[in-house]
Each structure stands twice: as structure tokens, then as C-alpha cells.
Amino acid sequence: MSNPKRRIAVIDASASDFLLLCEYLNLEVPGRYGCLHFPDFATFTAKLATMATAPDIVLLDCELPDGSGLENLRHALEMLPLTPVIGMSEQMLSSVEHEALDLGASHFLAKDDLTPRRLAHIIAVADAGERRVRNLVERAHFDSLTGLANRNVLKDRIGHALERCQRSKESVALLLIDLDDFKRVNDSFGHDVGDAYLREISKSLRGAVRESDTVARLGGDEFAILLEGLRHSEQAIQIAVKLLDLTNTPMKLGDFSVQPGMSIGISLFQPESSRFSAEWLQKAADVALYRAKETGKNRYFVYTDEMDQQIVRNLDLDRAIRQALQKKELVLHYQPIVSPGSFNIVAFEALLRWQHPQRGLIGPAEFLPALEKLGFMYQVGNFVLREGLRQFGRWQSILDESIVLHINVSAAQLSHSGFADMVRAELEAAGVRPGRLVLELTETVLFEGTPRLQNEFAELEGIGVRFVIDDFGTGYGSYDYLKHFPIHGIKIDKHFVDAIGHNQIDCAIVRSIIGLASELNFDVTAEGIETPQQLKKLCELGRPNMQGFLFHRPQSAMAVEQLASERWPARSAIGLAASGVEAAG
Ligand code: C2E
Ligand code: MG
Ligand code: MG
């Protein structure tokens, strides 16, 4: 394919000089440049304002009778910071040459000293320099995979859009877009297909909006669209609907076909709005996106004022959590797991609590999601591991040798490499044998697990650490991950336990989970046992280990020590008596 013509603006009072320059270029490099003539600087600036793209090179006569030549040069350089501007004079040794170069002209030429070759050479050199600069600038502003604007550009454009919208009295909307299950595309079809998918989606997004709207890739599978000049906020929703329509048809990517899916969070900015910051617009779209995901994916959600409270709460929570970490208000409680026969304690699970100065003890359901969203989970997860192991290390003298410690591990902790090293170091520091540590993972973590993680887990298994799947049965219904990760046990989710008294299907599921586990030689624990009836039913279904309020609630470290000194008077005795289940081995 031939290169498009480079456009040169020649600002020179003399039409005959202009024609001569064109002639020279045509002789030397025919067809390479297209020249535009502007008899004076005012004509040039007026035209520039209406041009879709700036000229690639400017030739400017700097030696005007009224002395304004250098001033024009300064203006041209200001208006077109990335375009090379070449100064000109009639004759060699012009008095303005040095000043022009000092101001920033790329080159300086004297018209009476030109040959076709010399002119073409000077222009080619200036042009090459310009393209290098442009490439650098593009790399800093555009995403290399999709060619879309990047996060920095978006931020900049939001700032300008908000300023303009105050003047124009039109609305601005920000759409944050997150592809649903992108990871699955990558994992199932490979990264090349994943990349092609991202490029196709980018094209579709670009095609769905006006040229003047900004489409950006924020990283991974996250995109944003900034819509400006909206008369009605519904226009933003129409765009969202148009985008979701794209997901109705599978996307052909080479030999593969991918079903696209996306969640969209929308925030709107009306000129009369009292909150006026780019940060607010982004936060609001983010909250809306989160809602869209939460309520079932492949949908849009518009930020509403009622959600404002949530932003405020999140910001408050953000502050409060930072403080909690500093003031060491996060603590661990420990819930025993008992064996089915004797109801002896076989393990303790460490569970996170927030000892809030005003609100008292807060459970993780209230603050873990925020910790994840605010990016604290890595830090907090490591704290749990360290604190749990130190505590357990101190208990070793009072605990039976066979009792183990369960620690919950979140995805965020595993997203960095070095998890295995960290666990090993904490075990050593606490003086706990690796065989006494059991890590609880969710199916999501395993499903999304990478080969790097497989290696780290294999390394930990090598020294004796064990892994169990928490909340088993609530995840994906695909158990492929069992082949890739060293799993030693499963914990049957509480909602099955809740249902076994009255739901045949759940009963059958629990029975088959226990069957599967025994076939694979896994330990099984049932979680959340509250009633003697549930206990009885579980014993019929296969006698897993048990954890639940019926036996022991989660309790502070001090309470655990107290319990140990009383030789574990199991609450289970109560349950046992009521259930009529024998306590035999
Ligand atoms: P999980 O790991 O499945 O923990 C079991 C949850 O069930 C605990 O809730 C426990 O208090 C509760 N539970 C136990 N027995 C019963 C019962 O008989 N009835 C009822 N209603 N509930 C029972 P908790 O402590 O609120 O923790 C909730 C979840 O938060 C945990 O579920 C776990 O996923 C997460 N979590 C807690 N601590 C940590 C932690 O340190 N790290 C990570 N990554 N996650 C944690
Ligand atoms: Mg757990
Ligand atoms: Mg659980």
C-alpha cells in the first residue's frame, strides 16, 4: 500500500515562491507531498481552525517587512507543538535565522540557496523527526493492543468535558465497561484469541459512538466511553443498549466463536449538578458497574442519587479501614471443627473480625467486600496468616498434636507471586509444622488459577501444607481444577446443610459430594450445622467432619484457651442428646 501524501502548509506572501517549492518537490520526490498555500499567517490560522487534522509540516517565511515573522513562528509552534515548522528567508545569512532556530524551528532555509534535492532532504529530515515524536506521544497516550486512548487520556478528557459542559449546559456521561468472563475466553481459547476478542470489542465500541466521543481501554478487559454534548441523559442509555445488542450475536475470531458479554456502569453529569469533579464521575460509574455485575452481568446500571450514600459510605469505610489496620482493630476468632464420632476438636478455623471502637465486633460479611474493592485484601490476608500461625504456635503445648489450623485465603493474596515463600516463612517464624496448616480456597480462586499458582501450591504441598475447597458446591459446577491443584478436602457449603432436612435434591447432592470425596480420598467437612436434626441427617448421609453453632461458635483466642483448660466441654453433648445420634467412633 502506498503511503498517504504528507501535507505541507507553506505560509509565504509570494505565490511564485510557493509554486517553485512545489515544483522542486515534485521533481525530487514526485507524489510524496501535497502543498497548501497561505499568503499570510492570519489566513493560515483561520483555516487551521476548520481542518480535521493539522498539516504534517509547516514552511513559514520568517522575514516579513513589518517584522512579525518571528512572532508568527512563535504562534505556529504553540498551536502545533508536535508539527515541525521550518523557517524561511529570501536570502542566505538572514538576520532571523538564529532566532528562529532558538525559538524552536526545526530547520531554516534560504530560498535563494535551494536546490530540489536540498529542499526535499530538509523536509524529509524534519518529517522523520516529527514521526518519531508522534510515535512516542502515541505510545504514552494510546493502548498498543487496541489503539484506543488509555487511562491518562481519559482522565484528561473527562476534565475538559466537565469544563465544557458547564459552559454549554449539555450533559456528559461516563460508561465503564467490563467484559463478562473474559478470563474464560483467554483460558479456553488461548491468549491470541483473547487479544483478538479485545480488538474486536474495541472496534465495536468505537463504531457505536461518535468520532468526538472518547473510547478508552483502562487495562485488561475494562473499557470506558466518555459521551459529551448530550441533550438528554437517555442518550447515554441508548448507547448502552446498543452496546448490549452487540452481545446478542457470537463473535467469529478465526476458527473460534465467542459469545461476548459485558456489564456497563453509567454515571451522568448534568451541568446543574452540585458535585463537580472527574473523580466523582468515575467513582459513580464504578459503583454502577459493580451493581450491574452484582445483579447478574450482561446489563447496564445507571448511577442514581440513592447510590450516593454508598459512595459516601465507601469513602468512609475506606478511611475507617485504613485506621483499623493502623490501630490493629482487626482480630481473629477461631471456630472449632469436630469429628463426627466423638465430637472431638480436629481443627480450628481462623475467622476475621473487626473490633470496631464504636460499633463493637463486626463480622467479615460487612467489611470483606470493601476490603477487596479497596485493594486491602492482600495486606489483610497476610495479616491473617501471620497472626493465625503465631497464635496457633503458642497453643501447640495445650493442643493435641493432631489438631490443625484452617486459614481462609483470598484471590487477592494469590495474585502476586511469592505466596508459597510467604507461607513457608510464616510457618517457620511461628514454629508450626507445615502439616498442621490447612488453607481454605474457594472454587473461584481455583477456577481462575494459573500455572504459576499450580506451582506454588505444589511447592507447599511438597512440605506438607494441605488445601481444602471452601463453600463447595456453590461455584462453577466444573471440577476440572481438581486435576491441576493438590486438593485434600472439601467443605460442604452451609446452604446444603440448611436444606437437607426438607429438600431431597440437596440431600442427594450432599450424599454424592461425600461419595465423590471418599472416592478421591478427600476429607469432608459440613459447615454451618445448627440443629440436632441436621447433625442426624448428616450422619445418615456419610458422617463428615462438622462445624457449626451446634458445637462451637467462633470465639476469641482467650476463650479458646479457656475451653482448652476445661478439656473442651463440647456443646455437642446437648445436640447429641437431642438427636439420638450415638457418639461412637
Ligand atoms: P467461611 O470460610 O465459609 O466461614 C464460615 C462462616 O460460617 C463463618 O462466618 C462462621 O462464623 C459461619 N458459621 C459457622 N457455623 C455456623 C452456623 O452454625 N450457623 C451460621 N449461621 N453460621 C455459621 P464469618 O466468620 O462471618 O465468615 C464469613 C466468610 O468470610 C467466611 O466464610 C470466609 O469466606 C470469609 N472470611 C472470614 N475470615 C476470613 C479471612 O481471614 N480471610 C478470608 N480470605 N476470608 C475470610
Ligand atoms: Mg472458610
Ligand atoms: Mg464456607
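Visitor: Which helices and strands each supply at least two residues of the shell around ligand 1?
Guide: They are strand 14 (345-356), helix 12 (364-373), helix 13 (377-395) and strand 18. Helices (H or I, at least four residues) and strands (E, at least two) are DSSP runs, numbered from the N terminus. This is a predicted model, in which local features need pLDDT of at least 70, side-chain atom pairs count only at pLDDT 80 or more, and totals for chains, interfaces and linings use all residues. Residues are numbered from 1 along each chain, chains are lettered from A and ligands numbered from 1 as written, and side-chain values use heavy atoms, without hydrogens and water.

Visitor: What makes the oxygen atom of ligand 1 and the side chain of Asp470 a polar contact?
Guide: A polar contact is a pair of N or O atoms within 3.5 Å. The oxygen atom of ligand 1 is 2.7 Å from an N or O atom in the Asp470 side chain, so the pair qualifies.

Visitor: Why are the atoms that coordinate the magnesium ion (ligand 3) called donors?
Guide: Donors are N, O and S atoms within 2.8 Å of the metal (3.2 Å for Na, K and Ca). Asp470 (OD), Asp471 (OD), Glu527 (OE) and Glu527 (OE) coordinate this ion at 2.0 to 2.5 Å, so they meet the cut-off. Water is not among the atoms, so sites may look incomplete.

Visitor: What does the pair Asp470 and Glu527 tie together?
Guide: Asp470 lies in strand 18 (residues 466-472) and Glu527 in the loop between strand 20 (523-526) and helix 21 (532-541), so the pair joins parts 57 residues apart in sequence.

Visitor: Are Asp470 and Glu527 buried or exposed?
Guide: Both are buried, that is, under 20% relative accessible area, with exposed over 50% and partly exposed in between (1.4 Å probe, protein chains only).

Terms used: A polar contact is a pair of N or O atoms within 3.5 Å; within protein, one must be able to donate a hydrogen and the other to accept it, and residues adjacent in sequence count only if both atoms are side-chain atoms.
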